[in-house]
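Thanks for coming. I have one structure to go through today, and I will start with a definition before turning to the fold. Please have a look at it first.

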Amino acid sequence: MEKMIELSDALSMHKNGMQTITEPVYCTGKMNECNILFESISEYFQTVLASCKMDSIRSFFLMEKQSRLPFGMTRKEMKENGFEFLFTNCDGNEGEWKFSFDLSDDENSTKYQKVVDMISSYEETPVRDLFSESNLQARFITYTPIEGRTKDVDGISIVEIGYNLEKNSGLVYFYNYRVIPETEVTYL
């Protein structure tokens, strides 16, 4: 029997006619040394519930695909498709991501600051075909807005998964995220 997750936060319920949302978990990924769990509640990792536990407090981030940014490309592919403005160094090792551009639909530019940046070994269950070998790494970065406005979003997160992240060979996923209290996430 597959694992199910029920979300009862105000925004999820508002989007679902004031009813809780129940979703199956399609795939689970884990950053081992950081103890961060990614549970894909949509196929192809477009919606992910990330959780981590620090000092006995469990935090949840509901991450949804950022529709205006590339999804599942390498940095080389992003450069070739005109997205090199997203990071400071396209060709070198571990180019720094930069977020101080406009992602809003109005005239206000939103500026972001990096809050979390972690790299760890990574494993998935069940394993997706493109990650069938061992020795995977993942990088998880979160940014929060420091200037400007965002609607129904607490920030932007980046998940980069690959075999040799130093060579910028990983697949990069951009998400909008919002924090959900532990009391509003139930495992069924």
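A residue counts as exposed when its relative accessible area is over 50%, and as buried when that area is under 20%. Take Y44 as the case to apply this to. Its relative accessibility is 65%, so Y44 is exposed. Y44 sits in the loop between β4 and β5. Its phi is near 65°, which is a positive value in a residue other than glycine.

Before I go further: this is a predicted model. The average pLDDT over the protein is 83, and 84% of the residues score at least 70. Among the elements, helix α2, residues 75–80, has the lowest mean pLDDT, at 84, and β4 has the highest, at 95. As a general caution, where pLDDT is low, the predicted coordinates should not be read in detail.

Now the layout. There are two helices and twelve strands in the protein. Along the sequence the pattern reads β-α-β-β-β-β-β-β-α-β-β-β-β-β. Of the 188 residues, 43% are buried. If we take contacts between residues at least 6 apart in sequence, 54% of them join residues at least 24 apart. The exposed surface of the protein is about 10000 Å², and carbon and sulfur atoms supply 48% of that.

Next, the strand I want to spend most time on, β11, residues 171–180. Is β11 largely enclosed or open? Eight of its ten residues are buried, so β11 is largely enclosed by the rest of the structure.

Which strands pair with β11? One of them is β10, antiparallel to β11 over seven bridges. In that pairing, G155 has Y177 of β11 as its bridge partner. Another is β6, again in the antiparallel sense, over six bridges. There, L62 is bridged to R178 in β11. Strand β7, residues 71–73, also pairs with β11 in the antiparallel sense, over two bridges. For M73, the bridge partner in β11 is V172.

One residue of β11 to pick out is F174. Its relative accessible area is 0%, so F174 is buried. F174 and G72 are 102 residues apart in sequence, yet their C-alpha atoms are 8.3 Å apart in space.

That brings me to the cores. In general, nonpolar side chains in soluble globular proteins tend to be buried together. Here the largest nonpolar core has 23 residues, and those touching the most other members are M31, I36, F38, M63, Y122 and I161. Several strands give two or more residues to this core, among them β3 (27–31), β5 (47–54), β8 (111–125) and β9 (136–147). Which element gives the most? That is β11, with four residues. There is also a second, separate core, of twelve residues, which includes L69, I158, V172 and F174.

Back in the largest core, I161 is one of the residues that touch the most other members. What does I161 touch, once residues up to four places away in sequence are set aside? The list is Y122, E124, R128, F131, L136, Q137, A138, G170, L171 and Y173.

Now a separate topic, the open sheet of three strands. Its order is β2-β1-β12, and the pairing is antiparallel. The edge strands, each pairing on one side only, are β2, residues 21–24, and β12, residues 185–187. On average, neighbouring strands of this sheet are turned by 25° against each other, ignoring direction. Strand β1, residues 4–7, runs antiparallel to β12 and is joined to β12 by three bridges. For E6, the bridge partner in β12 is T186.

Last, two more points on backbone geometry. The peptide bond from T125 to P126 is cis, with omega near -15°. P126 lies in the loop between β8 and β9. M18 has a phi near 65°, a positive value in a residue other than glycine. M18 is in the loop between α1, residues 10–15, and β2.

To sum up, β11 is largely enclosed, because eight of its ten residues are buried. Y44, at 65% relative accessibility, is exposed. That is everything I have, and I will take questions now.

Terms used. Residues numbered from 1 in each chain as written. Predicted model: local features only at pLDDT ≥ 70, side-chain atom pairs only at ≥ 80, totals over all residues. Heavy atoms only, no water. Core = buried A, V, L, I, M, F, W, Y, C linked by side-chain atoms within 4.5 Å. Buried < 20%, exposed > 50% of the residue type's maximum accessible area, 1.4 Å probe, protein only. Contact = heavy atoms within 4.5 Å. Pairing = 2+ DSSP bridges. Axes fitted to C-alpha atoms, helices over the stretch in contact; angles between N-to-C directions. pLDDT = per-residue confidence, 0-100. Areas by Shrake-Rupley, 256 points an atom, 1.4 Å probe, with all protein chains shown as cover.
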